[in-house]
Amino acid sequence: MNAQIALILGQDGITNGAIYALLALAILLVFAVTRVLFIPQGEFVAFGALTMAAIQDGKPVALVWLVVAFALIEAAVDLRAQYRRRGRLFWQWRLAAKAVYPLAVAALFYTLPLAALPAGAQALLTLALLVPLGPQLYRLFYQPIASASTLVLLIVSIAVHLALVGLGLLAFGAEGARTRPFIDASFALGPVNINGQAIWVVAASAVLIVALYLFFERSMYGKALRAAAFNRLGARLMGISPVFAGKITFFVAALIGTVSGILIAPITTLYFDSGFLVSLKGFVGAIIGGLVSYPLAAAGALLVGLIEAFSAFWASAYKEIIVFTLIIPVLLWRSLKSHTVEEEEDEA
């Protein structure tokens, strides 16, 4: 390996690591606020890429009807809860908006000349379709069991993941897809040509990370989420709704996943089930951060991207194994660092 090859591999590692960092932050955020290991995070990556590709090909996106169905079911569940709580039904604009919004998005998908739209408009359409799916998943599958144990939440998360993978196969088919790059140009940096799309991915990821930092540090909603993550009981006593915290957390996670899919789609071919492997690498980064530290999670995800790139050069057949075995020394180190001793309870 010479310096030129090392720079090329470093470029690939940083590009992939930027995506993994976004996913690591999303996984960590959801777990901190709701105690849910959000395994379906990867489905937003795959669905975002495949939806963008379908729009660029001018094909109808069948997934829009899943969002419509979830919206109607969510409205019905809310009406049922309202009737149980107050003994009657009354009109609410919020419930009407839940049903009308996805129908309006579906109308856009079937009336607009999708393939002729500029890339920015295609990306916005993809976001408009997929991001509301995050709060819908929380309302239908996680909110009713929000007080359950972490194990139960994990089992539900696995079930939702498997269901979404099957629905993805039904909506997009088994063929993979890749979108057109946002930037075709390349820039020379010494002996290496830097791909313009790679610059776009890293820059967009950096902007999104900074935006998330400002959201959590400066906005009232962000501070409410931080409070819910730090002390759920205390946040509830201060009037911060755990339902609100869960919905906005899943909204942010869906946004991050969809944006990640749009960014990575021009670089690699994605299939309906590719999201799990991508998000699993983000999860490794979150584990390196101990599922508590956002900077460490981002740094760990970047490390995962670099190790994956260099492993592909030295031992391409084992690169996935090398990446995932990173969890073992991290968990061993954290186990040795921990001094907590569990006391065995005497059996009666």
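**Group meeting: a walk through a predicted model**

I'll start in a loop. Thr-268 sits in the stretch between helix H11 (242-264) and helix H12 (275-288). Keep in mind throughout that this is a predicted model. Thr-268 is partly exposed, because its relative accessible area is 29%, and partly exposed covers values between 20% and 50%. What does Thr-268 contact, leaving aside neighbours within four places in sequence? The answer is Ala-177 and Arg-178. There is also a long step along the chain to mention: Thr-268 and Ala-49 are 219 residues apart in sequence, while their C-alpha atoms are separated by 9.8 Å.

Now the chain as a whole. The protein chain holds 15 helices and 2 strands. Its C-alpha trace spans about 75 × 65 × 40 Å along the principal axes. The radius of gyration is 21 Å, and a compact globule of 348 residues would have one near 20 Å, so the two agree. Of those 348 residues, 45% are buried. If you take contacts between residues at least 6 apart in sequence, 77% of them join residues at least 24 apart.

On to the surface and the charges. The accessible surface is about 17800 Å², and carbon and sulfur atoms account for 68% of that. The chain carries 22 positive side chains and 17 negative ones, with the centres of the two sets 15 Å apart.

Next, the inside. In soluble globular proteins, nonpolar side chains tend to be buried together. Here the largest nonpolar core has 87 residues, and the members touching the most others are Phe-38, Val-61, Phe-109, Leu-129, Leu-137 and Tyr-142. Which helix gives the most to this core? It is helix H1, residues 3-34, with 12 residues. Take Leu-137 as one of the well-connected members. Beyond four places in sequence, Leu-137 is in contact with Phe-38, Phe-44, Phe-70, Tyr-142, Val-160 and Leu-164.

Leu-140 lies in helix H6, residues 133-142. Is Leu-140 buried or exposed? Its relative accessibility is 17%, so Leu-140 counts as buried; the cut-off is under 20%. Leu-140 touches Phe-70, Ile-73, Glu-74 and Val-77, not counting residues up to four places away. For one of these, Phe-70, the C-alpha separation from Leu-140 is 8.2 Å, with their positions 70 residues apart along the chain.

A charged residue comes next. Glu-308 is part of helix H13, residues 294-314. With a relative accessible area of 7%, Glu-308 is buried. Outside the four places on either side in sequence, Glu-308 touches Asn-16, Tyr-20, Lys-281, Lys-319, Glu-320 and Val-323.

Back to a loop, this time the one between H1 and helix H2 (41-56), where Arg-35 is found. Most residues other than glycine have a negative phi, and most peptide bonds are trans. Arg-35, which is not glycine, has a positive phi, near 65°. Arg-35 is partly exposed, at 23% relative accessible area.

Last, Ala-204, which belongs to helix H8, residues 196-218. Ala-204 counts as partly exposed, because its relative accessibility is 21% and the cut-off for buried is under 20%. How far apart are Ala-204 and Ile-5, C-alpha to C-alpha? They are 25 Å apart in space and 199 residues apart in sequence.

Key:
Residues numbered from 1 in each chain as written. Predicted model: local features only at pLDDT ≥ 70, side-chain atom pairs only at ≥ 80, totals over all residues. Heavy atoms only, no water. Core = buried A, V, L, I, M, F, W, Y, C linked by side-chain atoms within 4.5 Å. Buried < 20%, exposed > 50% of the residue type's maximum accessible area, 1.4 Å probe, protein only. Helix = DSSP H or I, 4+ residues; strand = E, 2+ residues; numbered from the N terminus. Contact = heavy atoms within 4.5 Å. Rg over C-alpha atoms; globule rule 2.2 N^0.38 Å. Areas by Shrake-Rupley, 256 points an atom, 1.4 Å probe, with all protein chains shown as cover. Lys, Arg positive; Asp, Glu negative; His and termini not counted. Charge placed at Lys NZ, Arg CZ, Asp CG, Glu CD.
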